[in-house]
Amino acid sequence: LKMNDFAGFEKTALLGLKNTDNNENILNSLIKEYFFNANYQIAGKYANEAISLYPNNHFACFILGNVFAINNDYKRALICYTMAILLSRDSGEYYFKRAAVWYMLNNYNQAKKDMEKAEKYNFVVSNEFKQDLEKIKKEK
């Protein structure tokens, strides 16, 4: 495979799905590549498949949450991020994404709590997000 050869990667990964019993890593790679190539619908399809086959797959839950968030379906995104956190409690990025969803749902107290947890797990939260959250909390 050549560098940045998504089509070649996709072909190899799909072939691997057909020819192996433990597909979790292959599915996660496909999910990630589809998502980062802005193929959100296909990423969501494979994330759902991964979750149905491997219910403890926190990465698939996380990416599915991202797909829902991109489509402004914040309630479903919240569920997915919460599942990802329950399955892998030490990911600052998961807490940050859930904080952003809480923010979009106007639940600023929960957003602040998750933002603090994200920082606890070494995720760098921008000062702009922190200041915006504090400003809105004071206005409410």
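Which residues in α2 meet which residues in α4? Let's find out by walking through this predicted model, one selection at a time.

**Stop one: two helices.** Start by selecting residues 24-36, which form helix α2, and then residues 58-70, which form helix α4. Look along the pair: their axes lie 10 Å apart, and the helices pack at an angle of about 20°. Angles under 35 degrees count as roughly parallel, so α2 and α4 are roughly parallel to each other. Turn the view a little and you can follow α2 as it passes α4 in a left-handed crossing.

**Stop two: the contact.** Now show side chains. On the α2 side, pick Asn28, Ile31, Lys32 and Phe35. Their partners in α4 are Phe59, Ala60, Ile63, Asn66, Val67 and Ile70. Try colouring this group by residue type: the contact has seven nonpolar residues, two polar ones and one charged one.

**Stop three: two cysteines.** Next, select Cys61 and Cys80 and display their sulfur atoms. Why is there no disulfide to see here? The sulfur of Cys61 has its closest cysteine sulfur in Cys80, 6.3 Å away, which is too far for a bond; a disulfide needs the two sulfur atoms within 2.5 Å. Cys80 is likewise in no disulfide, and the structure as a whole holds zero of them.

**Last stop: the surface.** Keep both cysteines selected and switch on a surface. Are they buried or exposed? Cys61 has 5% relative accessibility, so Cys61 counts as buried. Cys80, at 10% relative accessibility, counts as buried too.

Terms used: Residues are numbered from 1 along each chain as its sequence is written. This is a predicted model: local features need pLDDT of at least 70, side-chain atom pairs count only at pLDDT 80 or more; totals for chains, interfaces and linings use all residues. Side-chain values use heavy atoms; hydrogens and water are left out. Axes are lines fitted to C-alpha atoms, for helices over the stretch in contact, and angles run from 0 to 180 degrees between N-to-C directions. Helices (H or I, at least four residues) and strands (E, at least two) are DSSP runs, numbered from the N terminus. Angles under 35 degrees count as roughly parallel, over 145 as roughly antiparallel, 65 to 115 as roughly perpendicular and the rest as oblique. A crossing is left-handed if the near helix is turned anticlockwise from the far one by less than a right angle, and right-handed if clockwise. Contact means heavy atoms within 4.5 Å. Ala, Val, Leu, Ile, Met, Phe, Trp, Tyr, Cys and Pro count as nonpolar, Asp, Glu, Lys and Arg as charged, and the others, Gly among them, as polar. Buried means under 20% relative accessible area, exposed over 50%, partly exposed in between (1.4 Å probe, protein chains only).
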